[in-house]
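Me: I'd like a close look at one part of this model, the pocket around the ligand, and then at how the rest of the fold sits around that. Could you walk me through it in one go?

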Amino acid sequence: MPWKKAAEMETTMKDTNCIFCKIANGEIPSRTLYEDERYRVILDLGPATKGHALVLPKEHFASIYEIPEDWAAGAVKIGQQIAVRMKERLHTDGVNLVQNNGEAAGQTVPHFHLHVIPRYQNDGQHILWKPGKASDAELDEIVEAMK
Ligand code: 5GP
Ligand code: ZN
């Protein structure tokens, strides 16, 4: 599609005061499940469920609007690998991959991160949304606006 790529919308900058930059690059210690040249996967300190992990790029991109496509794709690929390993090793029953962007969407740390939230039968969490309603006119309007 001839759409603008996310990374063309805004230029990215290194953020020396960003806590996730420091964690991802090992300046602040963390419980690390996986690491390579581009990413570090850590355990979330306020886990939604047992094993809740975060995939952090080692470069600073504030959100999905800034991160280059290949970095976003790489984060999802690692999230998938972590989810599969959690199924084997932690005997999880399911997983939510969650990725918040902007305050309105619940993002609290402005450094792109992908949540890998393992799920267990009756774990008491509620990560799904309350279904709403939309008129035909509204649905048509959105399709038109997105062309
Ligand atoms: P967000 O709300 O931005 O999508 O997610 C931020 C996540 O980062 C939260 O789940 C929160 O518990 C986690 N978090 C915040 N600060 C730290 C930290 O210093 N270390 C770790 N491991 N997780 C953190
Ligand atoms: Zn950062």
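Reply: Here is the ligand site, followed by the sheet, one loop and the overall picture.

Keep in mind that this is a predicted model. Let's start with ligand 1, which has 16 residues around it. Leu43, Asp44, Asn100, Thr108 and His115 are the closest of them. If you sort the shell by element, helix 2 (19-24) and strand 2 each bring at least two residues. Helix 2 gives the largest share, with three residues.

Now for the polar contacts of the ligand. The side chain of Asp44 has an N or O atom 2.5 Å from an oxygen atom of ligand 1. Thr108 takes part through its backbone, where a polar atom is 2.7 Å from an oxygen atom of the ligand. A nitrogen atom of ligand 1 lies 3.4 Å from a backbone N or O atom of Leu45. As for cover, ligand 1 on its own has 520 Å² of accessible area, and the protein covers 79% of that.

Next, the sheet. Five strands make up an open sheet, in the order 1-2-3-5-4, with antiparallel pairing. Strand 1 (32-35) and strand 4 are at the edges with a single partner strand each, so one side of each has no neighbour in the sheet. On average, and ignoring direction, neighbouring strands are turned by 20° against each other. Zooming in on one pair, strand 2 (residues 39-43) runs antiparallel to strand 3 (residues 53-57), and five bridges link them. Within that pairing, Arg40 stands opposite Leu56 of strand 3. Helix 3 (residues 69-89) packs on the sheet and touches strand 1, strand 2, strand 3, strand 4 and strand 5. The direction of helix 3 makes about 20° with that of strand 5.

Back to strand 4, where Val98 is found. Leaving out residues up to four places away in sequence, Val98 touches His113, Leu114, His115, Ile117 and Ile127. One of these, His115, is also among the residues closest to ligand 1. Val98 and Leu54 are 44 residues apart in sequence, yet their C-alpha atoms are 9.6 Å apart in space.

After strand 4 (94-98) comes the loop that leads to strand 5 (114-119), and Asn101 lies in that loop. Is Asn101 buried or exposed? Asn101 counts as buried because its relative accessibility is 15%, and the cut-off for buried is under 20%. The side chain of Asn101 reaches the backbone nitrogen of Ile64 at 2.8 Å. That side chain also makes a polar contact of 2.7 Å with the side chain of Gln99. Not counting residues up to four places away in sequence, Asn101 touches Ser63, Ile64, Tyr65 and Gln107.

Finally, stepping back to the whole protein. There are four helices and five strands, and from the N terminus they run α-α-β-β-β-α-β-β-α. The protein has 147 residues, 33% of them buried. Taken along the principal axes, the C-alpha atoms fill a box of roughly 50 × 40 × 25 Å. Of the contacts between residues at least 6 apart in sequence, 58% join residues at least 24 apart. The accessible surface comes to about 10,200 Å², and carbon and sulfur atoms account for 54% of it.

Note on methods. Residues numbered from 1 in each chain as written. Chains lettered and ligands numbered in written order. Predicted model: local features only at pLDDT ≥ 70, side-chain atom pairs only at ≥ 80, totals over all residues. Heavy atoms only, no water. Buried < 20%, exposed > 50% of the residue type's maximum accessible area, 1.4 Å probe, protein only. Polar contact = N/O pair within 3.5 Å; in protein donor to acceptor, adjacent residues only side chain to side chain. Contact = heavy atoms within 4.5 Å. Pairing = 2+ DSSP bridges. Axes fitted to C-alpha atoms, helices over the stretch in contact; angles between N-to-C directions. Near = heavy atom within 4 Å. Areas by Shrake-Rupley, 256 points an atom, 1.4 Å probe, with all protein chains shown as cover.
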